[in-house]
Amino acid sequence: MSSPNQSHTKPLPFLLVGVPDLEALHVWISIPFCVTYILALLGNSLVLLAVSLDKSLQEPMYYFIAMFAIIDLIFSTAVVPKMLGVFWLGSREIGFEACFVQVFFIHTFTAVESGVLLAMSCDRYVAICHPLRYSTLLCHPLRYSTLLTGSRTVQAGLLSLARGAGAMAPLMCLLTRLPCCRGRVVPHSCCEHMAVVGLACASPAPSHLYSLVVATLLVGTDSAFIAFSYSAILRAVVRLPSQEAHLKALRTCGSHVFIILIFYIGGLLSMYLQRFPFDLAPHIQVLVADLYLTVPPVINPLIYGIKVKQVQEGICRLLGQLAGHKGSQAA
């Protein structure tokens, strides 16, 4: 977003407001965001270390869980530290390039997580709906299909990353070329897309159209395939011979569905509130967006750490090894 009078000079930084109209409460507002960030760092780091170091967890399913941990660590770290700087220190200034890097990371890793959710749901579909896999389901309801190897899982994650970055790069080009003549104050606690675009004096219609088309294609296509996968899974589960098999299969997919709902419903709610405020107070819009950016990175490790027994055991083994190592050093 270039300045019309500064085409050959370094662009001026932006100033983040924080939560509009609630500046006096910034310290109190920061407490839950700080707690969620610490929990996100600890939870996702433990999950990532457990999957990386425990050989029993080096299977496709757990690679997906590790990908979620990486995405959540990057996603939250791109947003929360600067947000806390605004709340605690009044450090409102953010560089021109840093602001758009933040926008890029938010959008890109949202698209990446959507792609990983799609890959996970498709693999669940193959594992459960393939008739030859029913016996595996009864014995190991959390084990993924052998059709998806570890290398293919990593390739799926890299493909999701390339898709997200490729889709968002043109949007960044459109945004950075918009002339900024309505001040440098961003009425948000981070560089939220619509809040930054609102400072442009030229029509943002091309960037709006592009972002809506990309969001509809990515999110719409991914969510449609995910809905199809879990509909087929539900039909397959109903046909399983025993009640115990029903419960095992439903418990296996229940946590996945919960995370999917949080991700898509929260993302759509945040996006539409920013584009169509519905006469809501500015601080409500900002707080909803902030919650979407900070809460999901905490939920993923909690769900997978609690619901997936193998990951829980891997984390316990990791903590036991760390405790034993410290004890031997102390002795």
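Helices here are DSSP runs of H or I with at least four residues, numbered from the N terminus. Keep that in mind for the pocket described below. One more thing up front: this is a predicted model.

**The pocket**

Let's start with the second largest pocket, which holds about 260 Å³ of space. Three elements give two or more residues each to its lining: α2 (60–89), α3 and α5 (150–176). Which of the elements supplies the largest share of that lining? That would be α2, with six residues. In total, 13 residues line the second largest pocket, and Met67, Ile70, Ile71, Gly157 and Leu158 are the ones nearest its centre. As for chemistry, the lining counts twelve nonpolar residues and one polar residue, with no charged ones.

**The disulfide and other cysteines**

Searching the whole structure turns up one disulfide. It ties cysteine 99 to cysteine 191, with the sulfurs 2.0 Å apart. Those two cysteines come from distant parts of the chain: cysteine 99 belongs to helix α3 (residues 96–129), while cysteine 191 is in the loop between β3 (185–186) and α6 (193–197), and 92 residues separate them. If you care about handedness, the link between cysteine 99 and cysteine 191 is left-handed, at -120° about the S-S bond. Are the two partners buried or exposed? Both cysteine 99 and cysteine 191 are buried.

Two other cysteines are worth a look. Cysteine 122 has a relative accessibility of 32%, so it counts as partly exposed. Cysteine 173 comes in at 39%, and therefore is partly exposed too.

**Aromatic rings**

There are seven aromatic pairs in the structure. One of them brings together phenylalanine 104 and phenylalanine 105: the ring centres are 6.3 Å apart and the planes meet at 75°, which means the pair is edge-to-face. Phenylalanine 104 is partly exposed, at 23% relative accessible area, and phenylalanine 105 is partly exposed as well, at 30%.

Elsewhere, Phe14, Phe96 and Phe100 make up one aromatic cluster. Phenylalanine 14 also has a charge for company: the charged end of arginine 184 sits over its ring, 4.7 Å from the ring centre.

**Two aspartates**

Aspartate 21 is in the loop between β1 (14–16) and α1 (26–53). Its phi is positive, about 70°, although the residue is not a glycine. For background, most residues other than glycine have a negative phi. Why does aspartate 21 count as exposed? Its relative accessibility is 57%, and the cut-off for exposed is over 50%.

Aspartate 222, by contrast, is buried, with a relative accessible area of 1%; the bar for buried is under 20%. Aspartate 222 lies in helix α7 (residues 205–238). How far apart are aspartate 222 and serine 121 in sequence and in space? They are 101 residues apart along the sequence and 9.8 Å apart in space, going C-alpha to C-alpha.

**Accessibility at a glance**

Here are the relative accessibilities quoted above, side by side.

| Residue | Relative accessibility and class |
|---|---|
| Cysteine 122 | 32%, partly exposed |
| Cysteine 173 | 39%, partly exposed |
| Phenylalanine 104 | 23%, partly exposed |
| Phenylalanine 105 | 30%, partly exposed |
| Aspartate 21 | 57%, exposed |
| Aspartate 222 | 1%, buried |

Notes
Residues numbered from 1 in each chain as written. Predicted model: local features only at pLDDT ≥ 70, side-chain atom pairs only at ≥ 80, totals over all residues. Heavy atoms only, no water. Disulfide = S-S within 2.5 Å. Buried < 20%, exposed > 50% of the residue type's maximum accessible area, 1.4 Å probe, protein only. Phe/Tyr/Trp six-rings, centres within 6.5 Å; stacked < 30°, edge-to-face > 60°. Lys NZ or Arg CZ within 6 Å of the ring centre and 35° of its normal. 1 Å grid on protein atoms, 1.4 Å probe; cavity = no way out; pocket = protein on both sides within 12 Å on 5 of 7 lines; lining within 4 Å. Points joined across faces, edges and corners; volume = space filled by probe spheres on them. Nonpolar A, V, L, I, M, F, W, Y, C, P; charged D, E, K, R; others polar.
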